[in-house]
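Biologist: I would like to go through this model step by step. Please give the reasoning before each value or name.

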Amino acid sequence: MNILAAGIMIGFAALGAALGNSFLFSKYIEGITRQPETRGTLFGQTMILFGLIEALPIIGVGIGILLAFGII
């Protein structure tokens, strides 16, 4: 049962990261096409948000691995 829970947790973490990143970068490209002069500012903000979006799935994968090996 723990293996199944870990697999579901890791799968949803990957799905959430994929959806979040695709939405973030689509809005980044849309922002550049609307106002090309703000490219540098948008890039910095996009990379900060990219790190925040990726943090939660990495934590979820770590907890899922701990759950799979029976440590939790």
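Biologist: Is E30 buried or exposed, or does E30 fall in between?

Modeller: This is a predicted model, where local features need pLDDT of at least 70 and side-chain atom pairs count only at pLDDT 80 or more, while totals for chains, interfaces and linings use all residues. Residues are numbered from 1 along each chain as its sequence is written, and side-chain values use heavy atoms, with hydrogens and water left out. Buried means under 20% relative accessible area, exposed means over 50%, and partly exposed lies in between (1.4 Å probe, protein chains only). E30 has a relative accessible area of 30%, so the class is partly exposed.

Biologist: Which side chain meets that of E30 in a salt bridge of 3.6 Å, N to O?

Modeller: A salt bridge is a side-chain nitrogen of Lys or Arg within 4 Å of a carboxyl oxygen of Asp or Glu. Helices (H or I, at least four residues) and strands (E, at least two) are DSSP runs, numbered from the N terminus. The partner lies with E30 in helix α1, 3 residues apart, about one turn of the helix. At 3.6 Å, N to O, the partner of E30 is K27.

Biologist: Which residues are joined into one network by salt bridges that share partners?

Modeller: The count of salt bridges comes to 2. Besides the bridge to K27, E30 has one with R34 at 3.3 Å, N to O. E30 and R34 are 4 residues apart in helix α1, so about one helical turn separates them. Shared partners thus join into one network K27, E30 and R34.

Biologist: How accessible are K27 and R34?

Modeller: K27 is partly exposed, with a relative accessible area of 42%. R34 counts as exposed because its relative accessibility is 65%.

Biologist: What is the angle between the planes of Y28 and F43?

Modeller: Rings of Phe, Tyr and Trp (its six-membered ring) pair if their centres lie within 6.5 Å; planes under 30 degrees apart count as stacked, over 60 as edge-to-face and the rest as tilted. The structure holds 2 aromatic pairs. One of them is formed by Y28 and F43, a tilted pair at 6.4 Å centre to centre, with an angle between the planes of 55°.

Biologist: Why does the pair of Y28 and F43 tie together parts that are apart in sequence, and how many residues apart are they?

Modeller: Y28 is buried, with a relative accessible area of 14%, whereas F43 is partly exposed at 43%. Y28 lies in helix α1 (residues 2-34) and F43 in helix α2 (residues 39-68), so the pair ties together parts whose separation in sequence is 15 residues.

Biologist: Which residues is N21 in contact with, leaving aside its neighbours within four places in sequence?

Modeller: N21 is found in helix α1 and is buried, with a relative accessible area of 14%. Contact means heavy atoms within 4.5 Å. By that rule, and without those neighbours, the contacts of N21 are F50, I53 and E54.

Biologist: How far apart are the end C-alpha atoms of residues 44-69?

Modeller: An unreviewed UniProt entry annotates residues 44-69 as "transmembrane region". UniProt positions are given in the numbering used here, feature names are shortened, and annotations may be inferred rather than shown by experiment. Over residues 44-69 the chain is 96% helix and 0% strand, and the separation of the end C-alpha atoms is 38 Å.
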